[in-house]
Amino acid sequence: MTGQALLREKVYDPILRLLHAWNGLAILLLVFTSQAAEALEFTPEAASLWRLHVWTGYALVLGLVGRLAWGLNGPWYARLSAMWHWRAWLTALRTRRLFTAPRGFGHHPLASAAYLGFYLVVLVMALTGLALAAIDQGRGPLYPWLGHAITLKHLFSEPHEILEKFVWAFILLHIAALILHEARHGVPLAQAMVSGYQYRKEEEE
Ligand code: HEM
Ligand code: HEM
């Protein structure tokens, strides 16, 4: 057997992995329920799916609050500050080398930028979604302010609908990047959010 030795380190803690699975599943269910409800148009089944969409939305809001709390107080690799790599982002833009091999442990600096951008998109989805829940369904924490305020609906439904495309794009990009990195750079990556272990090739001197 030939090949370079791999270094292994426990990087992602169980809470971070649980939050990743929780938020990922909630987002998939939100995408599924909205697509299915739109396809069913004005049927009772569609109305039930929209209610399920909102309940799943609450689950996502909980998961996002959890991620924020863990990002401020959790261990090093879960911290939001560990995702901030502006020097690496500038260098990548200047040199146009975006798809580089993962080095060091923790998130790839450019993947971190995508994650932060994605969290911002999802945050806006959650806020506009809570507003739509109050307007369309007369429920949720924003009801006292926005309950059935139908004239304001477009203010929230337009960004909600546009940003949905970004959610799709992120999911496809995320899965494709994990597969491509594994194929091109020869390290197991996707399993890290399940096992917690990251693998890296030993640096050659
Ligand atoms: C809809 C599905 C998914 C969404 C929305 C999603 C979202 C995310 C986000 C936001 C992060 C950043 C984690 C953080 O908060 O620190 C992340 C990281 C990660 N995800 Fe996913 N994810 C999804 C599915 C998956 C799947 C199916 C796998 C494979 C098992 C996976 C593997 C990973 C790994 C390994 C990382 C860390 C990569 C790195 O070190 O940079 N994800 N994902
Ligand atoms: C990543 C997350 C989400 C995705 C991909 C998503 C997707 C969609 C889509 C495609 C629509 C139909 C277009 C529109 O009317 O604007 C929609 C509507 C809606 N969404 Fe979301 N959504 C997400 C998160 C949320 C959250 C967190 C909530 C609330 C807690 C929410 C509540 C709603 C409501 C109330 C509607 C209008 C439903 C109706 O017509 O009765 N969404 N969503």
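Helices (H or I, at least four residues) and strands (E, at least two) are DSSP runs, numbered from the N terminus. The model is predicted: local features need pLDDT of at least 70, side-chain atom pairs count only at pLDDT 80 or more, and totals for chains, interfaces and linings use all residues. Residues are numbered from 1 along each chain as its sequence is written, while chains are lettered from A and ligands numbered from 1 in the order in which they are written.

**Exercise 1. The chain**

State how many helices and strands the chain has, and in which pattern they follow each other.

Solution. Step one: the chain holds seven helices and two strands. Step two: along the sequence they are arranged as β-α-α-α-α-α-α-α-β. Step three: along the principal axes, the C-alpha atoms fill a box of roughly 65 × 35 × 30 Å.

**Exercise 2. Helix H1**

Compare the span of H1 with the expected one, and name its buried residues.

Solution. Step one: H1 covers residues 14-40, which is 27 residues. Step two: the expected span is 1.5 Å times one less than the number of residues. For H1 this gives 39 Å, and the helix reaches 39 Å from its first C-alpha to its last. Step three: a residue is buried if 20 or more other C-beta atoms lie within 10 Å of its own, exposed if 12 or fewer, and partly exposed in between, with C-beta atoms placed from the backbone. In H1, the residues Leu16, Leu19, Ala26, Leu30 and Thr33 are buried.

**Exercise 3. Two positive phi angles**

Find where Glu41 and Arg96 lie, and decide whether each is buried or exposed.

Solution. Step one: Glu41 is in the loop between H1 and H2, and its phi is positive, about 50°, although it is not a glycine. Step two: Glu41 is exposed, because it has 8 other C-beta atoms within 10 Å. Step three: Arg96 lies in the loop between helix H3 (86-95) and H4, with a positive phi near 55°. Step four: Arg96 has 6 other C-beta atoms within 10 Å, so it is exposed.

**Exercise 4. The shell around ligand 1**

Which residues come nearest to ligand 1, and which helix gives the most to its shell?

Solution. Step one: a residue is near a molecule if its C-beta atom, placed from the backbone, lies within 6 Å of it. Step two: 18 residues surround ligand 1, and Gly24, His107, Tyr115, Ala190 and Met193 come nearest. Step three: H1 gives the most to the shell, with four residues.
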